[in-house]
Amino acid sequence: VKAIEQYLREISHQKTLILVSHSYGGAPAGVLAQRNSDLVDGLLLGSVLISPEDEPIFWFNHLINTPLIHWIFPQFITMSNDEKLKHAAMLKEIEHIWPKIECPVYILHGDKDWIAPPVNADYAVKKLKNNPSVHLAMIENQDHLIQLNGQGLIVQGIHWLLDNQQM
């Protein structure tokens, strides 16, 4: 996050800065927006996993973590699985940042997302209740891959953020 913050400081005077996040990227983007409110002009949360109470853990996640099975999988799978099993605790640690985000926030989520259940979007709306510029776009029949299946929706969200910048 610190390297990204450094980069944001270098380019922020040149452009309007909107952070676009997806899935696990929602939490770091939220931290960046909250810690750099003087630089970030908007935040798009796309199919994000940010609710510590609603992290989906599947039957195989704990199985992959057992010594008997762990060695079978390639390192990128075991690392991803370890991250998943720790994600809820990490989200709990940053729960305090969401009410402090000052920039406009566009929440884009599919109602058929089983990887990042839609309750994550509801959580975002609840945590951002003091922010006057929050918009939730819950898309019917859309799954987790909103960045592939709904590119026009992301552009629409960016336009909304540009139109709702706080001066």
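Two strands count as paired if DSSP finds at least two bridges between them. With that in hand, let us walk through one corner of this predicted model, starting with its sheet.

**The sheet and its first pair**

Strand β1, residues 18-22, is joined by 5 bridges to strand β2, residues 42-46, and the two run parallel. Two of the partnerships are easy to find on screen: L19 has L43 as its bridge partner in β2, and H22 stands opposite G46. Between these strands the chain passes through helix α2, residues 26-35, and the resulting β-α-β crossover is right-handed. Helix α2 lies across both β1 and β2, and runs at about 160° to β1.

The pair belongs to an open sheet of 4 strands, with parallel pairing and the order β1-β2-β3-β4. Strands β1 and β4 (134-139) stand at the edges; each has a single partner strand, so one side of each is left without a neighbour in the sheet. From one strand to the next, the twist averages 10°.

**A closer look at S21**

Where does S21 sit? Its place is in strand β1. Is S21 buried or exposed? Buried means under 20% relative accessible area, and S21 counts as buried because its relative accessibility is 7%.

What does S21 touch, leaving aside residues up to four places away in sequence? The list is G26, A29, L44, L45, G46 and V48. One of these, G46, is 25 residues from S21 in sequence, yet their C-alpha atoms are 5.8 Å apart in space. As H22 stands opposite this G46 in β2, it is a handy residue to keep in view while you look around S21.

**Two serines in loops**

Just past the strands, two more serines are worth a visit. S23 is in the loop between β1 and α2, and S47 is in the loop between β2 and α3 (59-64). Phi of S23 is positive, near 55°, in a residue other than glycine. S47 is not a glycine either, and its phi is positive too, at about 50°.

How accessible are these serines? The table puts their values beside that of S21.

| Residue | Relative accessibility | Class |
|---|---|---|
| S21 | 7% | buried |
| S23 | 15% | buried |
| S47 | 0% | buried |

S23 therefore counts as buried at 15%, and S47 is buried with a relative accessible area of 0%.

Key
Residues numbered from 1 in each chain as written. Predicted model: local features only at pLDDT ≥ 70, side-chain atom pairs only at ≥ 80, totals over all residues. Heavy atoms only, no water. Right-handed = clockwise from strand over helix to strand, strands pointing away. Buried < 20%, exposed > 50% of the residue type's maximum accessible area, 1.4 Å probe, protein only. Contact = heavy atoms within 4.5 Å. Axes fitted to C-alpha atoms, helices over the stretch in contact; angles between N-to-C directions.
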